[in-house]
Amino acid sequence: NMPEMDGFEACRRLKSDSLLGGIPVIFLSALSATEDKIKALRCGGVDYITKPFEFEEVRARVEAQLRLFRLSQELKKHTDHLEELVAARTAELMRTQERLKMLDCAKGEFLKVISKELRAPFNGFFGISAMVMENAGLGEASQNLRVLYQQSQRRITTILDDALLLTQLEADWENLTDRKSV
């Protein structure tokens with residue numbers, strides 16, 4: 001019931017100011033109706049004390065609101081610090097992910113090169129070995145040697161084929177996931 005504006009409007013204006021909006025407002029009023037108390041809290045007040053009041057009660061309520069205000073400021077400070085830590089960690093993880101992508105790409109290229117580059121020398125080796133095996137006798141030792149040779153040839157060919165297939169699958173997977181993220 002102030003001359004130019006009532007306490008509710010004063011509180012609304014205070015709360016709408018970016019510099020002053022965080023200040024806790026305690027209403028001290030002769031109005032004791034429940035509607036007035038609810039109106040005060042809805043417009044931004046944190047407490048409502050009716051007249052006549054006891055000084056110790058007002059002091060205790062002010063101290064409680066100041067304590068809450070300080071705690072909320074401290075919580076905000078800690079929250080801001082945590083957000084900074086999360087942002088820094090996220091940036092670090094993104095850099096690590098990029099490095100891992102580069103290393104994975106290099107690994108794929110290495111496997112592709114190895115698979116292709118080793119195939120030609122091994123084909124020559126397999127050809128020469130096949131000719132030697134043909135000229136070997138028909139004895140049991142020669143047969144055992146032929147079986148070992150064929151097993152080794154299949155293992156080497158499988159390893160080279162698997163290395164090439166692995167790089168193709170990784171490239172296809174990267175293309176698929178890149179298209180999904182677009």
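Here a student and a tutor talk through the reasoning behind some labels used for this predicted model.

Student: Let's start with D47 in strand β2. Why is D47 called buried?

Tutor: The cut-off for buried is under 20% relative accessible area. D47 has 16% relative accessibility, so D47 counts as buried.

Student: What makes the link between D47 and R61 a polar contact?

Tutor: The side chains of D47 and R61 are joined at 2.8 Å. A polar contact needs a pair of N or O atoms within 3.5 Å, so this pair qualifies.

Student: And R61 itself, is it buried or partly exposed?

Tutor: R61 has a relative accessible area of 26%. Buried means under 20% and exposed means over 50%, so R61 is partly exposed.

Student: How do you know that R61 and E57 form a salt bridge?

Tutor: Their closest N and O atoms are 2.8 Å apart. The limit is 4 Å between a side-chain nitrogen of Lys or Arg and a carboxyl oxygen of Asp or Glu, so the pair meets the definition. In general, side chains of opposite charge can pair when their charged atoms come close.

Student: Why are R61 and E57 said to be about one helical turn apart?

Tutor: Because they are four residues apart in helix α3, which covers residues 55-135.

Student: What makes the contact between R12 and E9 a salt bridge?

Tutor: The N to O distance is 3.2 Å, and the cut-off is 4 Å, so the label fits. R12 and E9 are three residues apart in helix α1, so about one helical turn separates them.

Student: Why is E9 called partly exposed?

Tutor: E9 has 26% relative accessibility. That value lies between the 20% and 50% cut-offs, so E9 is partly exposed.

Student: Now the strands. How do you know that β1 and β2 pair?

Tutor: Four bridges join them, and pairing takes at least two, so β1 and β2 count as paired. The two strands run parallel, and S29 stands opposite T50 in β2. With helix α2 (residues 34-42), β1 and β2 make a right-handed β-α-β unit.

Student: Last one: what makes L20 eligible for a surface patch?

Tutor: L20 has 35% relative accessibility. A patch residue needs over 30%, so L20 passes that cut-off. L20 is found in the loop between α1 and β1, and the nonpolar patch consists of L19, L20 and I23, with about 300 Å² of accessible area together.

Terms used: Residues are numbered from 1 along each chain as its sequence is written. This is a predicted model: local features need pLDDT of at least 70, side-chain atom pairs count only at pLDDT 80 or more; totals for chains, interfaces and linings use all residues. Side-chain values use heavy atoms; hydrogens and water are left out. Patches are made of residues with over 30% relative accessible area and no salt bridge: like charges are joined within 9 Å, nonpolar side chains (Val, Leu, Ile, Met, Phe, Trp, Tyr) within 5 Å. Accessible areas come from the Shrake-Rupley method with a 1.4 Å probe; for residues, only the protein chains shown count as cover. Buried means under 20% relative accessible area, exposed over 50%, partly exposed in between (1.4 Å probe, protein chains only). A crossover is right-handed if, with the strands pointing away from the viewer, the path from the first strand over the helix to the second runs clockwise. A polar contact is a pair of N or O atoms within 3.5 Å; within protein, one must be able to donate a hydrogen and the other to accept it, and residues adjacent in sequence count only if both atoms are side-chain atoms.
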